[in-house]
Amino acid sequence: MDSEVIVNLSIAETAADCIVVPVWKDAGLGEEARALDAALGGALGTVVGSGDYVWEANEDRHLLHGPAGCAAQRVLLVGAGERGRFGRKEAAKFLASALRKVLSGNMPHVHFSVADLAVNDISIDWLAARLAQAAETAAYRYVATKEDAKRKAVLDRLSIGATSESPLDMMRRGKAVGQGANRARELGNLPANICTPTYLADCAQELANEHRSIDVEVIDERGMKALGMGCFLSVAAGSAEPARLIVLKHQGAEEGGKPVCLVGKGVTFDTGGISIKPSAAMDEMKFDMCGAAAVLGVMGAIADLQLPLNVVGLVAAAENMPSGRATKPGDVVTSLSGKTVEILNTDAEGRLLLCDALTYAERFEPTHVIDVATLTGAAIAAFGNEANVVLGNDQALIDRLLQCGQECLDPAWQLPLWPEYHKQLESNFADIANIGGKQAGTITAGCFLSKFAGEFKWAHLDIAGSAWLSEGAAKGATGRPVPLLVEFLTTLTQAPAT
């Protein structure tokens, strides 16, 4: 959708299908809303003061049709809660609530009175970016495999008022983030019989076709065998679907400049292999490629933004299936790094893809490497759907990710990689085992990966809880942590990385 900043035009003169106005529970109308109310002869004040609403955050809404004295066709009043307690989380919820309402009607052009939301520590720029991002994600509908798909939400034009056009760049950024998240959601939501490793490779090629800054190389199983990626190939051994290592390169800075490297786990379906999973909710294992989907979403977003940074995206894509050729518990395989791995559980397969991909990342001499993976059920047990879990070997990198998560409301929480946990991965028959027992599963998975990340600054994001929701109408991929990663990469263009 198109984004627009309308400069130095009163809100009453703004022609739109709908104007969205916040109402404070404890302070009534803000300054811009009071100006609109004056043009409407006090119509807004009458509603606010009627006593019919309490204007709790995101609870109470009132829609005025054809208000006399206003160029807009409608005015939507939305409760914003208490002004003094209004922070970024509350702002995001307000915008989402208002967008749900306008998307339910026929309102192609919606104007938001964000000036009245710029309170406490919330800036117009932040609101502009968040509004554009929220509009893209709110309009997303999964229709790919549905014959009678619901009517697609229509929102063609989104505008705000400001004293200059400076927030427009932030709206463009928010739009790119929202579209990147939607790309990740669509890939995650597609069934595994469509979204295969080959399909992901085709999607990467489409990105390259759309953006001059992106080049793509796809390494097939023969190429991986020649490289010595025994861990990667062990995951795909039981499947008829061929594995792929997909290499995307965004050149936004000088040629030869050291890149940031993103590595995404792309298990397009995970049965658990020989260590087969219970059948209940196994359909959700199509989401086991959400790390790969996030990397593709991020690469599209930064290309749209023409981010002046070199970024390499590695998508490690395979299907984990049981068959007569499948890897067995107790097998020992040799990784690209030369380390041998005893596979005690074939359902701990994502780390086997990632360890070879992390070793492959060394050849790019990256400044930072971040891997993204739906890696452990332990992360869901500990954090639910709220937090991305972060572990790593560089505290400055982790601190930056934590700060970026707070900034863009895609939060992360750090877990330790203490030496005591590494002991759980000792093996009598190989250099390392691929699981560490029943305790501290998220941490021992991070410990495993850390043994393949010793040559660079590295962070691991376990998104098993944040990447998708399991129940009700909201069931599906969330697009996280695309916002976090785009925020992180953007900060690298604004200040030197440490």
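## Charges and surface

Counting side chains, the protein chain carries 44 positive and 60 negative ones, and the centres of the two sets sit 2 Å apart. Lys and Arg count as positive here and Asp and Glu as negative, while His and the chain ends are not counted. Each charge is placed at NZ of Lys, CZ of Arg, CG of Asp or CD of Glu.

A word on where this comes from: this is a predicted model, in which local features need pLDDT of at least 70 and side-chain atom pairs count only at pLDDT 80 or more, while totals for chains, interfaces and linings use all residues. Residues are numbered from 1 along each chain as its sequence is written, and side-chain values use heavy atoms, with hydrogens and water left out.

The accessible surface of the protein chain adds up to about 20,200 Å², and carbon and sulfur atoms account for 48% of that. These areas come from the Shrake-Rupley method with a 1.4 Å probe; for residues, only the protein chains shown count as cover.

## Overall build

The protein chain holds 15 helices and 20 strands (DSSP runs numbered from the N terminus: H or I of at least four residues for helices, E of at least two for strands). Its radius of gyration is 24 Å, close to the 23 Å that the globule rule gives for 498 residues, so the chain is as compact as a globular protein of that length. That radius is taken over C-alpha atoms, and the rule is 2.2 Å times the number of residues to the power 0.38. Along its principal axes, the C-alpha trace spans about 80 × 50 × 45 Å.

Of the 498 residues in the protein chain, 57% are buried (buried means under 20% relative accessible area, exposed over 50%, partly exposed in between, with a 1.4 Å probe and protein chains only). Take the contacts between residues at least 6 apart in sequence: 77% of them join residues at least 24 apart. A contact means heavy atoms within 4.5 Å.

## Strand 7 and its partners

Strand 7 (residues 157-162) is mostly covered, with five of its six residues buried. Strand 1 (residues 2-7) runs parallel to strand 7 and is joined to it by six bridges; two strands pair if DSSP finds at least two bridges between them. In that pairing, E4 has S159 as its bridge partner. Strand 6 (residues 109-112) also pairs with strand 7 in the parallel sense, over four bridges, and H109 is matched with R157.

M171, in helix 5 (residues 167-189), ties in with this region. M171 is buried, with a relative accessible area of 0%. Leaving out residues up to four places away in sequence, M171 touches S3, E4, V5, A128, A129, A132, L158 and I160. M171 and L131 are 40 residues apart in sequence, but 7.4 Å apart in space, C-alpha to C-alpha.

## A three-strand sheet

Elsewhere there's an open sheet of three strands in the order 12-13-17, with mixed pairing. Strand 12 (332-334) and strand 17 (432-433) stand at the edges with a single partner strand each, so one side of each is left without a neighbour in the sheet. Strand 13 (residues 340-342) and strand 17 run parallel and are joined by two bridges, with E342 opposite A433.

## Two helices to look at

Helix 14 (residues 441-450) is mostly covered: 10 of its 10 residues are buried. Among them are I443, C447, F448 and L449.

F383 belongs to helix 11 (residues 377-383) and is partly exposed, with a relative accessible area of 21%. Not counting residues up to four places away in sequence, F383 touches V389, W413 and L415. The C-alpha atoms of F383 and S466 are separated by 8.8 Å, although the two residues are 83 apart along the chain.

## Backbone oddities

Most residues other than glycine have a negative phi, and most peptide bonds are trans. A few spots here go the other way. W55 has a phi near 60°, a positive value in a residue other than glycine. W55 lies in the loop between helix 2 (43-48) and strand 4 (61-65) and is buried, with a relative accessible area of 3%. N120 has a positive phi too, near 55°, and is found in the loop between strand 6 and helix 4 (124-139).

Then there's the cis peptide bond joining R480 and P481, where omega is about 0°. P481 sits in the loop between strand 20 (476-477) and helix 15 (482-492).
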